[in-house]
Amino acid sequence: MIRFFRSFPALIIFTFFITSLGISQVQTSSERERMLELQLQQEIQKSKELELKLLEEAYESAIDPQEYIVGPGDYFSIVIWGEVQTSFQLPVMAEGVLIIPTVGSIDVSGNTLKQTKNHVENVILQKYKHTKISTHLLKMRKIRVHVTGRISKPGTYIATPIDRLSDLITRAGGIGIYADSKNLRIKHINDEETLVDFSAYQIKGDLSQNPYIQAGDVIIIPTIDYIENFVRVEGNVSRPGFYPFGPGETIKEFFNRYSLLNVSQKLDEINIQREDEVIEINMTNDVNSQTTLQPGDFITINQTIRQVYVMGAVKEPGLFKYIPNLLAQDYVGDAGPTENAASIPEIKVRHHKTGKIEKGGLAKVYPGDIIEVPIRRSRQIAEYLTIASQIATLIIAYAAIKK
């Protein structure tokens, strides 16, 4: 006992050491997790920065000198050779002027790139005779654009003069569900407005309805008149409910704008209930899909059946994926016939569309069909005899009790 108490302090110290070591390991593990999470966040941020950089450096085509408008922040390369040989890399100043050493300042803001180049060369030639001048846009400026209205993330965004309307909408998180994409407005810094049918770009790729943006533009995404112009969508659709639509919008444009169609739907069996009338729509028919929507329309999208049901004397009865060109015996083979199953010629196929029954393992199968594998007759007779004998036994036993 005395030895135990003598060793007790050492035991406490040892226990404390082990506990401290465990806590230290837990803290170290926790710190490692935090470090790994921090590194992951840094890598994600680097990836996003690289993506933005690549987007900034991506050009749709060569810049058109007759369309590009010069402004503060643009960088120019000016090369002079001949009797005098020199070169400059100059920015357009905040006041919109280009200051060329030994020549002076030139007001270039608001001019096209072609006008700016001609103006710069004419002014330099007045100073330096018998020389040649080459003027090029070296680097584009950054501009501010405002996005408001039915947009996921309204606010001010940094862009370049070659960014289109779609670029700003994407950066702002996309158009909201109740947005009137057929009547977007772009308010310019000079108080002029441009009306844009953005849905024409989304559906048809019409670049005229996806214009380049300008510095100071305010992109306004209005709310559609969902009090009067709305339709109801139900059935096999991921987002059933009430949807607004634009004036003169067809059902094809409507489905494309909201991305409501998928492979599980019967595109040839879409119904529009309009007051007391039911309009059958086949989206695979170009003429039919151009039906114009009206306020209060009730659209029902049916589901395409892509399965076959196998029942009866099989090990795994139930639904099987429909595969074109497979016969009844193929599905029965997948389900696994039991030892009591009837022969292949006894297999029955009930067709979903016609309701008719076809017999035999070589029967063609279509989506929605039901395949039945009956029990073989000898087994049925044996079961009947077993049941009959059981009933006879019960009758005899009952008669004996009565006596």
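This is a quick tour of one predicted model, with stops at a pocket, a few strands and a helix.

## The largest pocket

Let's start with some empty space. The largest pocket holds about 1100 Å³. Its lining takes in 41 residues, and those closest to the centre are Thr160, Pro161, Ile162, Asp163 and Ile213. Three elements each give two or more residues to that lining: α1 (2–57), β7 (155–159) and α3 (165–171).

What classes of residue make up the lining of the largest pocket? There are 21 nonpolar residues, along with 10 polar and 10 charged ones.

## Strand β6 and its partners

Strand β7, which we just met at the pocket, also pairs with strand β6 (residues 143–149). The two run in the antiparallel sense, joined over five bridges, and they form a hairpin with five residues between them. Look for Val145, which stands opposite Tyr157 in β7.

β6 has another partner in strand β10 (residues 218–221), and here the pairing is parallel, over four bridges. Thr148 has Ile220 in β10 as its bridge partner.

## Helix α5

Why is helix α5 (residues 251–258) largely enclosed by the rest of the structure? Six of its eight residues are buried, so there is protein around much of it. The buried ones are Ile251, Glu253, Phe254, Phe255, Arg257 and Tyr258.

What do those buried residues pack against? Their neighbours are α4 (198–204) and the strands β11 (230–235), β12 (241–244), β13 (265–274), β14 (277–281) and β15 (298–303). Just past the end of α5 comes Ser259, with a positive phi of about 50°.

Conventions: Residues numbered from 1 in each chain as written. Predicted model: local features only at pLDDT ≥ 70, side-chain atom pairs only at ≥ 80, totals over all residues. Heavy atoms only, no water. 1 Å grid on protein atoms, 1.4 Å probe; cavity = no way out; pocket = protein on both sides within 12 Å on 5 of 7 lines; lining within 4 Å. Points joined across faces, edges and corners; volume = space filled by probe spheres on them. Nonpolar A, V, L, I, M, F, W, Y, C, P; charged D, E, K, R; others polar. Pairing = 2+ DSSP bridges. Buried < 20%, exposed > 50% of the residue type's maximum accessible area, 1.4 Å probe, protein only. Contact = heavy atoms within 4.5 Å.
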